[in-house]
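Me: I would like to go through this structure with you, one question at a time. Please give the reasoning before each answer.

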Amino acid sequence: MSFFQIDNINFNGPLLNAAGCHCTTHQELEDLFDSNSNGVITKSCTLNEWSGNKHPKYYYNNITKNSLNSNGLENGGFEYYRQYPLEIKKPYILSIAGWNNKERETIFKRLFDKNENINLKKNLKKNLKKNLKKNQFSLIELNLSCPNLNKPILAYKPNTMDELFRKWFEKYNNLKFGLKLPPYMNFNLMEDMRDIFLKYENRIQFLTCINSIPNGMIIDRKKKETVIAPKGGFGGLGGSSIKQNALSQVFKWYELLDDKIPIIGCGGITNANDVLDYILCGATLVQIGTYVKELGPKLAFDNINNSLINNISFQRGQCVIKEFE
Ligand SMILES: Cc1cc2nc3c(=O)[nH]c(=O)nc-3n(C[C@H](O)[C@H](O)[C@H](O)COP(=O)(O)O)c2cc1C
């Protein structure tokens, strides 16, 4: 088994973009496919296209290397990502958010109900039909942890998640997904969540931790206002200073899950040593958000890959850390 493997999907190395960072339009996805990332994930989608929150909704501080965002799920709609029309050159992960459980179920129905697929083919425009290989993505990442929606974060509600998973998995035999998790500040809650994840161990393919840290705030002192507008200035924190929180989550999940579900580490990665830290804490892959958004995929993945190659050997699909500063 290759080190960089999730379920039966092999990755040539550990580096992916993080959902929402340079992956909203087909052009951005193409940039990612052309870059040296080892996989591509889409913006979290809803059933229909959505313009997201009002501007300004993203802020980046060049000195601290931190971001604050309240994007509000600006996305092209689920079919736009499912029907990505160009060549899929590496594992492609579809990130699904949905506004509510009814909408999530509709998306699962479209993806996993045979009749729905036949209807889709009938109704598609000719040029898309020609290119459409049914469900082109390799994996799904279900995002139940978006911090910017004025709604409770479902991933903090173990009983609701348990009930939903039972219902969805019973209804759709082929449904499997990974989960994007928020940061948990309470180990007891993580233990409750762990029991649920292990109950559905054969259907939950991976855990990605963490999403942006909810309800951060940055003030523009000159203007005497918050740097982003939606939700009264509260937004999800990303970038360098969330790495410590994210790393401890990866470490804790690895300990709790006893290696039964692979973990994708995400938060504050800007160089090869950050990647190594995540791998040492138990991550199989990593996702890079703010750094990719700021530098663009080509430069971001080239920078990290160039220094990784000196530290990690991918011989025979195994990950060997040669040098660690
Ligand atoms: C502008 C922006 C948009 C984001 N949109 C999403 C999203 O749609 N779905 C999601 O799961 N996470 C989203 N995130 C969170 C990132 O995927 C990632 O979890 C977070 O930024 C931490 O990684 P980083 O420190 O490398 O940025 C977004 C982050 C940013 C900065």
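**Sheets, helices and the ligand shell**

S15 and S16 pair in the parallel sense, and 3 bridges join them. This is a predicted model.

Me: Where does Ile264 stand opposite a residue of S16, and which residue is it?
Reply: The strands S15 and S16 run parallel and are paired over 3 bridges. Across from Ile264, the residue that stands opposite in S16 is Leu285.

Me: In S16, are Leu285, Val286, Gln287 and Ile288 buried or exposed?
Reply: In a regular strand, side chains alternate between the two faces of the sheet. Leu285 and Gln287 lie on one side of S16, whereas Val286 and Ile288 lie on the other. Both faces of the strand are covered, and these four residues are all buried.

Me: Which residue of S16 is the bridge partner of Asn17?
Reply: Strand S3 and strand S16, the latter spanning residues 285-288, run parallel and are joined by 3 bridges. Leu16 has Gln287 as its bridge partner in S16. For Asn17, the bridge partner in S16 is Ile288.

Me: Which strands stand at the edges of the sheet of 8 strands?
Reply: This open sheet has parallel pairing and follows the order S3-S16-S15-S10-S9-S8-S7-S4. A strand with a single partner has one side left without a neighbour in the sheet, so the edges are strand S3 (15-17) and strand S4 (40-41).

Me: What is the average twist from one strand to the next in the sheet of 4 strands?
Reply: The order of this open sheet is S5-S6-S14-S11, and its pairing is antiparallel. Strand S5 (58-61) and strand S11 (213-216) each have a single partner strand, so they stand at the edges with one side lacking a neighbour in the sheet. From one strand to the next, the twist averages 30°.

Me: Which residue of S14 is the bridge partner of Gly216?
Reply: The pairing of S11 with S14 is antiparallel and extends over 2 bridges. Within that pairing, the partner of Gly216 in S14 is Gly235.

Me: Why is H8 described as roughly parallel to H9?
Reply: Two packed helices are described by the angle between their axes and the distance between the axes. The axes of helix H8 (residues 243-257) and helix H9 (residues 272-281) come within 8 Å and cross at roughly 25°. Angles under 35 degrees count as roughly parallel, which means that H8 relative to H9 is roughly parallel.

Me: How many charged residues are in the contact of H8 with H9?
Reply: H8 contributes Lys243, Leu247, Val250, Phe251 and Tyr254 to the contact, while H9 contributes Asp274, Asp277, Tyr278 and Cys281. By class, the contact has 6 nonpolar residues and no polar ones, and the number of charged residues is 3.

Me: At about what angle does H8 run to S15?
Reply: H8 lies across strand S10 (204-209) and strand S15 (263-266). With respect to S15, the helix runs at about 170°.

Me: Which element gives the largest share of the shell around the ligand?
Reply: Of the 27 residues around the ligand, those that come nearest are Ala18, Gly20, Ser44, Gly238 and Gly289. Two or more residues of the shell are given by each of strand S6 (66-69), strand S14 (235-239) and helix H10 (290-295). The largest share, 3 residues, comes from H10.

Me: How many polar residues does the shell around the ligand have?
Reply: Sorted by class, the shell has 9 nonpolar and 3 charged residues, and its polar residues number 15.

Definitions and conventions. Residues are numbered from 1 along each chain as its sequence is written. This is a predicted model: local features need pLDDT of at least 70, side-chain atom pairs count only at pLDDT 80 or more; totals for chains, interfaces and linings use all residues. A residue is near a molecule or strand if its C-beta atom, placed from the backbone, lies within 6 Å of it. Ala, Val, Leu, Ile, Met, Phe, Trp, Tyr, Cys and Pro count as nonpolar, Asp, Glu, Lys and Arg as charged, and the others, Gly among them, as polar. Axes are lines fitted to C-alpha atoms, for helices over the stretch in contact, and angles run from 0 to 180 degrees between N-to-C directions. Angles under 35 degrees count as roughly parallel, over 145 as roughly antiparallel, 65 to 115 as roughly perpendicular and the rest as oblique. Two residues are in contact if their C-beta atoms, placed from the backbone, lie within 7 Å. Two strands pair if DSSP finds at least two bridges between them. A residue is buried if 20 or more other C-beta atoms lie within 10 Å of its own, exposed if 12 or fewer, and partly exposed in between; C-beta atoms are placed from the backbone.
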